[in-house]
Amino acid sequence: PMFPPHHAHPGLLAAPHIEPIVSGNLPPGFDSSTCRSVYVGNIHLQVTDSLLHEVFQSIGPVEGCKLIRKEKSSFGFVDYYDRRYAALAIVSLNGRQL
């Protein structure tokens with residue numbers, strides 16, 4: 001059978017296409033053309049490194065994450081391989097509670 005040019009080979013999965021994100025949705029100072037890291041603040045004390053990784057991995061491939069624990073709340077950094085996933089994570093997960 002013939003497939004239209006926009007279809008990938010049926011046995012291959014194409015990576016999802018990510019549209020450029022309007023900079024108004026991103027925090028001031030975040031450069032979506034270069035930044036691959038996402039700051040995550042006000043993390044509940046029961047959240048673990050693996051849970052943080054799992055949640056952000058749902059957006060795209062995560063290079064690594066670091067959770068810094070404090071007495072009353074924690075914060076962390078999530079590093080993506082691709083800067084577009086960092087921007088998508090900020091827009092998609094901002095305000096989400098774990």
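**Entry 1: the core**

I began with the largest nonpolar core of this predicted model, and found that among its 20 residues V38, V40, L52, F56, V78, Y80 and A89 touch the most other members. I then asked which elements supply this core, and noted that β1, α1, β2, β3 and α2 each contribute at least two residues. The most comes from α2, which gives six residues.

I followed V38 further, since V38 is among the core residues that touch the most other members. Setting aside its neighbours within four places in sequence, I listed F56, G76, F77, V78, Y80, A86, A89 and I90 as the residues in contact with V38.

For the chain as a whole, I recorded that 27% of its 98 residues count as buried.

**Entry 2: order of elements and the sheet**

I next read the chain along its sequence and wrote down two helices and three strands, which follow one another in the pattern β-α-β-β-α. In space, I found that the three strands form an open sheet in the order β1-β3-β2, with antiparallel pairing. Because β1 (37-43) and β2 (62-68) each have a single partner strand, they stand at the edges, and one side of each is left without a neighbour in the sheet. I noted an average twist of 15° from one strand to the next.

I looked at one pairing in detail: β2 and strand β3 (residues 74-80) run antiparallel and are joined by six bridges. Within this pairing I located C65, which stands opposite V78 in β3.

**Entry 3: how the helices lie on the sheet**

I turned to helix α1 (residues 49-57), which packs on the sheet and touches β1, β2 and β3, its direction making about 140° with that of β2. Helix α2 (residues 83-93) packs on the sheet too, where I found it touching β1 and β3, and its direction makes about 25° with that of β1.

**Entry 4: the faces of α1**

Which residues of α1 are buried? I found L52, V55 and F56, and they lie on the same side of α1 because they cover an arc of only 90° around the axis. I kept in mind that an α-helix has 3.6 residues a turn, so residues three or four places apart point the same way. On the face of α1 turned away from this buried side I found the exposed residues S50 and E54. I also checked what covers the buried residues of α1, and the cover includes β1, β2, β3 and α2.

**Entry 5: α2 and what follows**

In α2 I listed Y85, A86, A87, A89, I90 and L93 as buried, with β1, α1 and β3 among what covers them. Two of these, A86 and A89, I had already met as contacts of V38. Following the chain out of α2, I came to G95, whose phi is positive, near 85°.

**Entry 6: contacts and confidence**

I looked up how far apart in sequence the contacting residues are, and found that, of the contacts in the chain with a separation of 6 or more, 60% are between residues 24 or more positions apart.

Finally I checked the confidence, where the mean pLDDT of the chain is 80 and 74% of its residues reach 70 or more. Residues 6-11 stay under 50 in pLDDT, and the model has two contacts beyond four places in sequence for them. The pLDDT is also below 50 over residues 18-24, a stretch with six contacts in the model beyond near neighbours in sequence.

Note on methods. Residues are numbered from 1 along each chain as its sequence is written. This is a predicted model: local features need pLDDT of at least 70, side-chain atom pairs count only at pLDDT 80 or more; totals for chains, interfaces and linings use all residues. Side-chain values use heavy atoms; hydrogens and water are left out. pLDDT is the predictor's confidence in each residue, from 0 to 100. Contact means heavy atoms within 4.5 Å. Two strands pair if DSSP finds at least two bridges between them. Helices (H or I, at least four residues) and strands (E, at least two) are DSSP runs, numbered from the N terminus. Axes are lines fitted to C-alpha atoms, for helices over the stretch in contact, and angles run from 0 to 180 degrees between N-to-C directions. A nonpolar core is a set of buried Ala, Val, Leu, Ile, Met, Phe, Trp, Tyr and Cys residues joined through side-chain atoms within 4.5 Å. Buried means under 20% relative accessible area, exposed over 50%, partly exposed in between (1.4 Å probe, protein chains only). The arc is that of the directions from the helix axis to the C-beta atoms.
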